[in-house]
Amino acid sequence: MKELAPLESLWEAANGQGVDLPLPVELLKLYGPLRFPPHPDRPYVIGNFVSTLDGVVSLSLPGQSGGGPISGELRQDRMVMGLLRAAADAVVVGAGTFRDVRNHVWTPDYVFPELAEEYAALRREMGKEGPPLNVIVTAGGKLNFDRRVFQSGEVHVLIVTTTGGRDEIIRRRPPQSVQVAAIESDPYLTAQAILDAVGEAGGEDVVLVEGGPRLIGNFFDEKRLDELFLTLAPQIAGRDDSAERPGLVAGKIFAPDGPLWSRLAGIKRSGSHLFLRYDFGTDST
Ligand SMILES: NC(=O)c1ccc[n+]([C@@H]2O[C@H](COP(=O)([O-])OP(=O)(O)OC[C@H]3O[C@@H](n4cnc5c(N)ncnc54)[C@H](OP(=O)(O)O)[C@@H]3O)[C@@H](O)[C@H]2O)c1
């Protein structure tokens, strides 16, 4: 692996509960210890985003709308994405995020292949078989089934959709291996309904929500996101009237009537990039 500087741990909440995940030596060296609080009888739900200093998460330009141009293609950010995917039973994305990335599969090694062996070792130690379940959430069901995530057989895919979305999906003839969970809804599904469907398909312990802004808005709205892993990239992207450049959340308003405050759980650094952990659990005010 081309030399990768470890993250520097600047601060961590003292009362971090839970058991350290069994990170292999190389991951431990690069990231430091990682643990999640105990969460009996329910999945622990984490989000992972990268944002500019001025709060832009997508440049909304063809070929440049993903997280890469936001982070400046920082390898450490991809390393952390891979680590969180490796720790997860399911990775959940909205159809907008899916449509923006042509050949993506939501596996740890896809995002950071250099640590494929370490990610696989972590999953083995955690008793997780194979890659995380890839979950795509869509209301309308207009998905392109030619994409690698459906065709390659690399991952199990669950689509969570509405009953109308299911009809559209059937019309588009998905590969037989793709699981579809249809829920009566008008038109957006609740985060809880999505989590229930993911749980039934095997995503019971750690669920990673990778966005985008509309999907994660539902999780914030229902207070179903336990923690946000936010990479803060030291650039100003700017906005004008030519195109919308979304922030972390779309489609929901919280402040001033129902602001969602969180508690800082950790700060790490790679050069001028910050890796922030915010706890949104019920006792975070
Ligand atoms: N910087 C980052 O870390 C980061 C992370 C993720 C995404 N992004 C960027 O964000 C942009 C996408 O933004 P977005 O807000 O459109 O993303 P999104 O939430 O991924 O996609 C929105 C679409 O997902 C489906 N969806 C979301 N929530 C749903 C719900 N509760 N029930 C049913 N369907 C639901 C709907 O699909 P249908 O239209 O099919 O009905 C909706 O139109 C992309 O440019 C992406 O690259 C950036």
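In what order do the 10 strands of the open sheet follow one another? Before I answer, I should say that this is a predicted model, in which local features need pLDDT of at least 70, side-chain atom pairs count only at pLDDT 80 or more, and totals for chains, interfaces and linings use all residues. Residues are numbered from 1 along each chain as its sequence is written.

The order is S1-S9-S10-S8-S2-S7-S3-S4-S5-S6, and the pairing is mixed. Two strands pair, in this usage, if DSSP finds at least two bridges between them, and the elements themselves are DSSP runs numbered from the N terminus, with helices (H or I) of at least four residues and strands (E) of at least two. At the edges stand strand S1 (8-12) and strand S6 (179-183), each with a single partner strand, so one side of each is left without a neighbour in the sheet. On average, neighbouring strands of this sheet are turned by 20° against each other, direction ignored.

Let me now place the sheet in the whole chain, whose secondary structure comes to 10 helices and 10 strands. The radius of gyration, taken over C-alpha atoms, is 18 Å, close to the 19 Å that the globule rule (2.2 Å times the number of residues to the power 0.38) gives for 285 residues, so the chain is as compact as a globular protein of that length.

Going back to the pairings, strand S8 (residues 227-233) and strand S10 (residues 273-279) are antiparallel to each other over 6 bridges, and the bridge partner of Phe229 in S10 is Arg277. Helix H3 packs on the sheet and touches strand S2 (44-52), strand S3 (90-94), strand S7 (206-209), S8, strand S9 (263-270) and S10, while its direction makes about 165° with that of S2. That angle is between N-to-C directions, on a range from 0 to 180 degrees, with axes as lines fitted to C-alpha atoms, for helices over the stretch in contact.

Strand S3 deserves a closer look. A residue is called buried if 20 or more other C-beta atoms lie within 10 Å of its own, exposed if 12 or fewer, and partly exposed in between, with C-beta atoms placed from the backbone. For S3, 5 of the 5 residues are buried, so the strand is largely enclosed by the rest of the structure. Ala90, Val92 and Gly94 lie on one side of S3, and Val91 and Val93 on the other. S3 runs parallel to S4, joined by 5 bridges, with Ile136 in S4 as the bridge partner of Val93; S3 also pairs with S7 in the parallel sense over 3 bridges, where Ala90 stands opposite Val207.

Some of these residues return in the largest nonpolar core, a term for buried Ala, Val, Leu, Ile, Met, Phe, Trp, Tyr and Cys residues joined through C-beta atoms within 7 Å. This core has 63 residues, and those with the most contacts inside it are Val92, Val135 and Val207. Helix H3 (residues 75-87) gives the most to it, with 7 residues.

Finally, is Val105 buried or partly exposed? Val105, in the loop between helix H4 (95-100) and helix H5 (108-111), is partly exposed, with 19 other C-beta atoms within 10 Å. Its contacts (C-beta atoms, placed from the backbone, within 7 Å), leaving aside neighbours within four places in sequence, include Tyr110, Asn134 and Glu154. The C-alpha atoms of Val105 and Glu154 are separated by 7.9 Å, although these residues are 49 apart along the chain.

Notes:
Contact = placed C-beta atoms within 7 Å.
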